[in-house]
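Here's a quick briefing to go with the model you're about to load. Have your viewer ready and follow along.

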Number of protein chains: 2
Amino acid sequence: MSEKADAPNGTSIESLIRLLARLPGLGPRSARRAVLHLIRKREALMQPLARALEDVAQAIRVCTTCGNIDTTDPCAICRDPRRDAAHLCVVEDVGDLWALERSGLFRGRYHVLGGTLSALDGVGPEDLAIGSLVARVGKGGIEEVILALNATVDGQTTAHYITERLSEYPVRVTALAHGVPVGGELDYLDDGTLAAALKARHPV
Amino acid sequence: MSEKADAPNGTSIESLIRLLARLPGLGPRSARRAVLHLIRKREALMQPLARALEDVAQAIRVCTTCGNIDTTDPCAICRDPRRDAAHLCVVEDVGDLWALERSGLFRGRYHVLGGTLSALDGVGPEDLAIGSLVARVGKGGIEEVILALNATVDGQTTAHYITERLSEYPVRVTALAHGVPVGGELDYLDDGTLAAALKARHPV
């Protein structure tokens with residue numbers, strides 16, 4: 001199986017395939033399929049996609065308050081007066097913020113760290129938006145900081161570090177509960193999750 | 001797991017995700033990941049991709065001779081005087097043409113059918129570029145028509161139909177050999193392939 005990305009014809013087609021192959025989840029083979037699909041749907045898909053990419057590339061801003069990506073700065077969440085400014089949810093990246101927003105369960109505001117502390121990858125506190133988080137909390141008005149970080153070693157290390165940094169402020173720092181995923185079967189769960197679920201058991 | 005494609009913020013971001021999710025091999029979830037990746041690489045990837053899509057959408061032509069997709073009509077293969085016009089390779093679609101071109105093994109010209117005959121899907125000979133194939137052969141100068149169709153029932157039905165249609169012309173009609181894929185293990189082959197390989201056995 002050849003892994004070359006080139007189509008035999010049309011250098012502009014070749015370069016389109018090469019660019020698409022750089023998206024996560026796409027390789028040279030699926031990029032070629034995508035380009036054939038786009039060419040077949042030139043009016044309905046290819047031209048709208050080109051325009052949407054151009055629009056977003058022009059319009060996107062990183063919110064200087066929370067780190068969210070939006071077409072305005074401050075972002076729609078930071079500007080929305082109906083969002084509860086007293087509850088601040090700390091996430092690793094914008095994808096996590098989107099996941100929480102899709103759930104519709106959280107009506108406070110966010111703070112995007114831009115990653116997690118990682119000794120292996122050489123990511124220190126100064127590489128993340130931790131200073132700006134402490135400054136936001138320091139300004140007052142925030143009652144609770146919810147650490148919605150991934151349940152990985154790096155995520156938990158980061159949560160621990162942030163908790164330390166915020167300990168001098170009169171703010172409640174909480175973290176997402178660990179436990180059995182809803183719909184999950186015990187048989188398929190790892191020991192760590194089982195242990196956490198057992199430890200956090202509650203009366204029914 | 002939510003299958004909604006919407007990001008919480010920025011309608012232009014949402015519509016970009018929705019468009020990307022329509023590509024084969026991408027769903028709402030991977031389209032969101034792709035958009036986040038694009039936003040992070042705005043200069044290096046997002047803007048070049050927008051331009052490449054626009055360029056290709058403007059430039060692509062379907063070759064009126066062979067059905068290939070290129071930025072010129074006739075396509076680069078039909079225009080290339082070094083390609084052997086006496087050998088014509090018939091393929092189902094442009095993706096198959098690209099696969100053969102990547103191999104670099106065939107130096108003749110192509111004819112893209114645009115699909116296969118299919119009683120189930122109601123695809124008849126008039127829906128495919130079979131009339132134009134017969135016309136190309138009728139003009140003379142072609143010695144051999146190589147049917148490089150998929151080894152499916154529809155592909156083989158189409159091959160049979162084309163062979164019939166071309167039987168009145170002084171042209172050799174051949175098909176790709178069936179057999180054990182190079183590097184393939186007998187244990188994993190289906191009976192049809194084994195039977196074909198056995199039937200076509202040759203002295204060593």
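What follows covers the layout, the contact between the chains, one cysteine and some salt bridges.

This is a predicted model, so local features need pLDDT of at least 70 and side-chain atom pairs count only at pLDDT 80 or more, while totals for chains, interfaces and linings use all residues. Residues are numbered from 1 along each chain as its sequence is written, chains are lettered from A and ligands numbered from 1 in the order in which they are written, and side-chain values use heavy atoms, with hydrogens and water left out.

**Layout and symmetry**

- Chain A splits into domain 1 (11–59) and domain 2 (72–203), with bounds that come from an automatic or database domain assignment.
- Between the C-alpha centres of those two domains of chain A there are 34 Å.
- To lay chain B over chain A, you rotate by 180° and shift 0.1 Å along the axis, which gives an RMSD of 0.1 Å; the fit is least squares on the C-alpha atoms of residues with pLDDT of at least 70 in both copies.
- The two copies are therefore related as by a two-fold rotation axis.
- Ala50(B) is the residue of chain B that comes closest to that axis, with its C-alpha at 2.3 Å.

**Where the chains meet**

- Chain B and chain A each put 53 residues into the contact, where contact means heavy atoms within 4.5 Å.
- The copies meet through the same surface, because 100% of the interface residues of chain B are also interface residues in chain A.
- About 5200 Å² is buried between the two chains, and carbon and sulfur atoms give 72% of it; buried area is the accessible area (1.4 Å probe) that two parts lose on being put together, summed over both.
- On the chain B side, Leu53(B), Trp98(B) and Arg102(B) lose the most area to chain A, together 15% of what that side buries.
- Elements of chain B that each supply at least two residues to this side include α2 (28–40), α3 (42–59) and α5 (94–103); helices (H or I, at least four residues) and strands (E, at least two) are DSSP runs, numbered from the N terminus.
- α3(B) gives the most, with 14 residues.
- The rule finds zero salt bridges across this interface; a salt bridge is a side-chain nitrogen of Lys or Arg within 4 Å of a carboxyl oxygen of Asp or Glu.

**A cysteine in chain B**

- Cys89(B) sits in strand β3 (residues 84–91) of chain B.
- At 3% relative accessibility, Cys89(B) is buried; buried means under 20% relative accessible area, exposed over 50% and partly exposed in between (1.4 Å probe, protein chains only).
- Leaving out residues up to four places away in sequence, Cys89(B) touches several residues, among them Leu100(B), Phe106(B) and Ile146(B).

**Salt bridges**

- Over all chains, the structure holds six salt bridges.
- Arg82(A) and Asp80(A) pair at 3.1 Å, N to O; Arg82(A) is exposed at 70%, whereas Asp80(A) is buried at 13%.
- Glu144(A) and Arg172(A) pair with their closest N and O atoms 3.0 Å apart, linking strand β5 (residues 144–147) to strand β6 (residues 172–175) of chain A across 28 residues.
- Glu144(A) is buried at 11%, while Arg172(A) is partly exposed at 48%.
- Arg83(B) and Glu101(B) form a salt bridge at 2.8 Å between the closest N and O atoms, and both residues are buried.
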